[in-house]
Amino acid sequence: MKTLDLAKENYEWMVDLRRDFHRHPEASFEEFRTTDKIEEELKKMGIETLRVTKTGVVGLLKGAKEGKVVALRADIDALSVNEETGLPYSSEAPGLMHACGHDCHAATLLGAAKVLSTMKDELQGTVKFIFQPAEEVAGGAKAMIEGGVLENPKVDMIFGMHIWSDVPTGQVALQPGPVMASADTFDLTITGKSAHGSSPWQGVDALTCATAVVQGLHTIATKVNDARQPIVINVGTFHSGERFNVIPGKATLQGMNRAFTEHSRRMLPEWIEKMVKNTCEAYGCEYEYKYTFMCSPTINEENSTKLAQESVGKIVGKENILTIDKAMGSEDFSEYVQRVPGAFMFLGGRNEEKGCKYSHHSNFFNVDEDALPLGAASYAQVALDFLNITK
Ligand SMILES: [Zn+2]
Ligand SMILES: [Zn+2]
């Protein structure tokens, strides 16, 4: 395939870029250096660029002929993780690391831009290269959309990609339907009445009430939710009490919920509040409750997925397109596919011999760079095929 040949020709250039990004990780919404570098590279290719949000950049490549508009998206932020890989191109920013592989995403999408700018004459339509900040805090996609990234020209279809440490290099996981879960948070304050530890009847014990609330919340997933549509309710923090001989008058809890269907997702605040309200009533406590919707589930649209399976199949071979268990983690790529048909793919980057076997967000996380040309060619091929289908 021409896209793969061109991507392979740019292998070293992509590796250099990836390592440069890796050395200089930047936190969400602070990707200033990264974005400058991306913009500079796009301009060198003769691609028109546009800043969207403080640290997001979009490249616009118009083909020789008029046509549809396809968007390709990469996220570019790093995480507050201390790198311990010992790699020669390790993070030079203490406490920050590209531990999710977004350095590879930036390099891969630049690779696709290079391939497609070389093939400009064969393009019938426009490609938008979206370099999005702040995926790790689930705010970047929303900010880019509010900044108009899906408009002018209006995007007809969108594709995203994540390098994936569970999939071996050379393979790509790609399937229709839900692939990643939603992620929404809640904050809960339970108030009772503090008293001397020897005289519980003179107070209202918020801690005991809160433990009952936690137990109750953990029955929702199995007893209230439709078990055929999995959800996770996680209480991640629990603070109560100041001293061993005092009845605690207050407990504060925080949690995060995951779901794959809009129904479960929308019902969760209600289910949780019912449990909280009735438990608090039984124990004589008051409560304050705040629910925040953050990130919806990522659901791959049928036609885009089919198209991507065929296109990426040309790059890695049909037999190397896998289906994998959906991930209970989340991705703010979901914001795009809620508005425009699209698909999200998982590019294999695992290679145990090279030590690329650690999970995302680990201090030891690394990927097999041989995945970069496959990723770049896959992005490019999907865009090319979508634009050049005449319907
Ligand atoms: Zn991540
Ligand atoms: Zn990620």
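## What counts as a donor

A donor here is an N, O or S atom within 2.8 Å of the metal. Water is not among the atoms, so sites may look incomplete. Keep that in mind while looking at the two zinc ions below, and remember too that this is a predicted model.

## The first zinc ion

Let's start with the zinc ion (ligand 1). Which protein residues act as its donors? They are Cys 100 through SG, Glu 136 through OE and His 361 through NE2, and they sit 2.1 to 2.3 Å from the ion. If you walk along the chain, these donors follow the spacing C-x35-E-x224-H. Cys 100 and Glu 136 link distant parts of the chain, being 36 residues apart. You'll find Cys 100 in the loop between strand E3 (65-75) and helix H4 (102-118), while Glu 136 is in the loop between strand E4 (124-132) and helix H5 (140-146).

How covered up are these two? Cys 100 has a relative accessible area of 8%. The cut-off for buried is under 20%, so Cys 100 counts as buried. Glu 136 comes out at 22% relative accessibility, so this residue counts as partly exposed.

## A second zinc ion next door

Now look at the zinc ion (ligand 2). Its donors are Cys 100 (SG), His 102 (NE2) and His 162 (NE2), at 2.1 to 2.4 Å. In sequence, they are spaced C-x1-H-x59-H. Cys 100 is buried, and His 102 is buried as well.

Did you spot the name that turned up twice? Cys 100 coordinates both zinc ions, and the two ions are 3.2 Å apart.

## The chain as a whole

Time to zoom out. The secondary structure of the protein chain adds up to ten helices and 16 strands. Along its principal axes, the C-alpha trace spans about 80 × 50 × 40 Å. A compact globule of 391 residues would have a radius of gyration near 21 Å; this chain has 24 Å, so the two agree.

Of the 391 residues, 56% count as buried. Take the contacts with a separation of 6 or more: residues 24 or more positions apart account for 80% of them. On the outside, the chain exposes about 16,800 Å², with carbon and sulfur atoms supplying 50% of that area. There are 40 positive and 53 negative charges, and their mean positions are 3 Å apart.

## Backbone oddities

A few spots in the backbone deserve a look. Where is the cis peptide bond? It joins Asn 152 and Pro 153, with omega at about 0°. Pro 153 is found in the loop between H5 and strand E5 (157-168), and Asn 152 has its place in that loop between H5 and E5 too. Asn 152 also has a phi near 50°, which is a positive value in a residue other than glycine. At 74% relative accessibility, Asn 152 counts as exposed.

Thr 53 is another residue with a positive phi, about 65°, although it is not a glycine. You can find Thr 53 in the loop between strand E1 (48-52) and strand E2 (56-62). With a relative accessible area of 30%, Thr 53 is partly exposed.

## Two residues to zoom in on

Try finding Gln 132 in strand E4. Is Gln 132 buried or exposed? Its relative accessible area is 0%, so Gln 132 is buried. Leaving out residues up to four places away in sequence, Gln 132 touches several others, among them Arg 73, Ala 74, Met 144, Asp 332 and Tyr 336. Gln 132 and Asp 77 are 55 residues apart in sequence, and their C-alpha atoms are 8.1 Å apart in space.

Then hop over to Pro 269, which lies in helix H7 (residues 262-283). At 15% relative accessibility, Pro 269 counts as buried. Which residues does Pro 269 touch, not counting those up to four places away in sequence? The answer is Tyr 289, Tyr 291 and Phe 293. Pro 269 and Asn 257 are twelve residues apart in sequence and 9.5 Å apart in space, C-alpha to C-alpha.

How values were computed: Residues are numbered from 1 along each chain as its sequence is written. Chains are lettered from A and ligands numbered from 1 in the order in which they are written. This is a predicted model: local features need pLDDT of at least 70, side-chain atom pairs count only at pLDDT 80 or more; totals for chains, interfaces and linings use all residues. Side-chain values use heavy atoms; hydrogens and water are left out. Helices (H or I, at least four residues) and strands (E, at least two) are DSSP runs, numbered from the N terminus. Buried means under 20% relative accessible area, exposed over 50%, partly exposed in between (1.4 Å probe, protein chains only). The radius of gyration is taken over C-alpha atoms; the globule rule is 2.2 Å times the number of residues to the power 0.38. Contact means heavy atoms within 4.5 Å. Accessible areas come from the Shrake-Rupley method with a 1.4 Å probe; for residues, only the protein chains shown count as cover. Lys and Arg count as positive and Asp and Glu as negative; His and the chain ends are not counted. The place of a charge is taken as NZ of Lys, CZ of Arg, CG of Asp or CD of Glu.
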